[in-house]
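Subject: Handing over the structure

Dear colleague,

I am passing this structure on to you, with the sequence alongside. My notes on what was found follow below it.

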Amino acid sequence: MNFSLNQEQQMIVDSLGKYALNELKPVAQAYRDQLIPKEKMLEIQQRLVDFGVGAGVVSETLGGMGLDAVTMGLLQFEVAKVSPDIAITSLIQMTVGKLLPLVPEHLKEHYVTPVLAGTKLGCIGMSEPGAGSQVTAVNCRARLEGDEYVINGEKLWISSGGYSDFIFLLARFNDDPVGGLGLILVDRKHGYQTNDIKKMGLNSQSTAQVSFEDVRVPASNLMVEPGKAMKALLTMLASSRPIVGLMALAIAEAALEASVTYAKDRVQFGKPIAGHQLISAKLGEMATKIQAGKLMAFCALSAIDNNERSDVYSAMSKWFGAEMACEVVAEAMQIHGGNGVTSEFPIEYMYRSVRLFMVTEGTNEIQKLAIGRSLTGIDAF
Ligand SMILES: Cc1cc2nc3c(=O)[nH]c(=O)nc-3n(C[C@H](O)[C@H](O)[C@H](O)COP(=O)(O)OP(=O)(O)OC[C@H]3O[C@@H](n4cnc5c(N)ncnc54)[C@H](O)[C@@H]3O)c2cc1C
């Protein structure tokens, strides 16, 4: 397997890396722990689209760049390294972009063009108060009345929910546990409500509760008929999970870089702390964990690009990347001593942010169970 970047990938990564450092980092610092307002987030996403971030994944047939999975991973890594919050919003645009082919033909113009231009933000609504790891417990109901669906229920933890102009909604159309689940496009103008959720980190982007109370949507907005939605969403998740692992590792890489600088500057017992074996070994371990996680993620992404089976590699790279990243950032905090726990230094924000990656996009436990099932053929959920 070839892990070196081609010339085009190297160019995109270099120019995006510079842009992220010069333009996004100051925004991330200014909005630390505060929601980036929608107008500002749109402005950022529109600029990122030029680099292929987010909507770059949309196929050329739909007017997009049709970027491959490895390139999307590289791009998300660069953005997440300076701002995991901004990267989450572009990740959601990416997953929305992946699902655009499922948008009914008569609505394509209305959604594809704005997503490609970064002028509309979408979100994906699966989780609910009673349906987290067990997605098939979804209870948000879509009832057909004439030529409209009437939607009632609640979605929880929806990334970009508060920003969203539209939602790709996983809803229950009948009582069959899996056969009853379909995907429908609901526009903000149809009347859903959102409330942002305050979390331990990543509050510069929106994670929202989304409520539907007798929301009427044209029946022709159905994207995936009941019974086929889970397959479409699981395919989408298999392609985004390695990228989620990479985003956590991007935070870890930023923490490692800060730790290397700190360990060279901070003097105790007459020498830089980098000259103490326990600190030097910590840095060595941190770099190795990041490298292992990145290789696993790119292995999964390259399987996707080669149309090979990727779900198991995706699950492996998501849990491993997130777990390694949490360990690395915790060590970075230790290397920073007292300064690590103050808001004067970036580490405590990284520490609070990286933790969320153990839960989002399917918890680490669920990834391990999926891998176990692939080994034994026995479902242990
Ligand atoms: C920041 C953030 C962003 C998110 N963005 C989105 C989004 O955009 N769209 C969306 O639909 N969802 C989103 N989610 C929801 C996320 O996918 C769920 O939080 C996740 O699937 C876990 O569900 P839960 O929180 O209900 O936990 P639960 O399912 O209640 O799990 C609680 C604990 O039990 C464990 N557990 C559950 N079942 C088993 C089992 N069978 N065996 C062993 N352990 C088990 C879990 O691993 C976990 O540790 C987001 C979540 C977060 C935190």
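How many nonpolar, polar and charged residues does the shell around the ligand have? Sorted by class, that shell has nine nonpolar residues, seven polar ones and two charged ones. Please keep in mind while reading that this is a predicted model.

The ligand

There are 18 residues around the ligand, and those that come nearest are Ser 127, Ser 133, Trp 157, Ser 159 and Thr 363. Two of these serines also appear among the polar pairs: a polar side-chain atom of Ser 127 is 2.7 Å from a nitrogen atom of the ligand, and a polar side-chain atom of Ser 159 is 2.8 Å from a nitrogen atom of the ligand. The backbone takes part in this list as well, since a polar backbone atom of Ile 124 lies 3.0 Å from a nitrogen atom of the ligand. Taken alone, the ligand exposes 970 Å², and 67% of that area is buried by the protein. As for where the shell comes from, β3 (148-159) and α10 are the elements that give it two or more residues, while domain 2 (122-226) and domain 3 (230-376) each supply at least three residues.

Phe 357

The loop between α9 (347-354) and α10 (364-376) holds Phe 357. This residue counts as buried because its relative accessible area is 2%, which is under the 20% cut-off. If residues up to four places away in sequence are not counted, Phe 357 touches Ile 88, Leu 202, Val 244, Met 247, Ala 248, Ile 251, Lys 318, Ala 322 and Asn 364. Leu 102, by contrast, is 255 residues from Phe 357 in sequence and 28 Å from it in space, taken from C-alpha to C-alpha.

Lys 108

Is Lys 108, a residue of helix α5 (residues 105-117), buried or exposed? Lys 108 counts as buried, because its relative accessibility of 11% falls under the cut-off of 20%. Its side chain is joined to that of Glu 105 by a polar contact of 2.9 Å. Once its neighbours within four places in sequence are left aside, Lys 108 is in contact with Leu 62, Leu 100, Pro 101, Val 103 and Thr 113.

With best wishes

Terms used:
Residues numbered from 1 in each chain as written. Predicted model: local features only at pLDDT ≥ 70, side-chain atom pairs only at ≥ 80, totals over all residues. Heavy atoms only, no water. Helix = DSSP H or I, 4+ residues; strand = E, 2+ residues; numbered from the N terminus. Buried < 20%, exposed > 50% of the residue type's maximum accessible area, 1.4 Å probe, protein only. Contact = heavy atoms within 4.5 Å. Near = heavy atom within 4 Å. Polar contact = N/O pair within 3.5 Å; in protein donor to acceptor, adjacent residues only side chain to side chain. Areas by Shrake-Rupley, 256 points an atom, 1.4 Å probe, with all protein chains shown as cover. Nonpolar A, V, L, I, M, F, W, Y, C, P; charged D, E, K, R; others polar. Domains from an automatic or database assignment.
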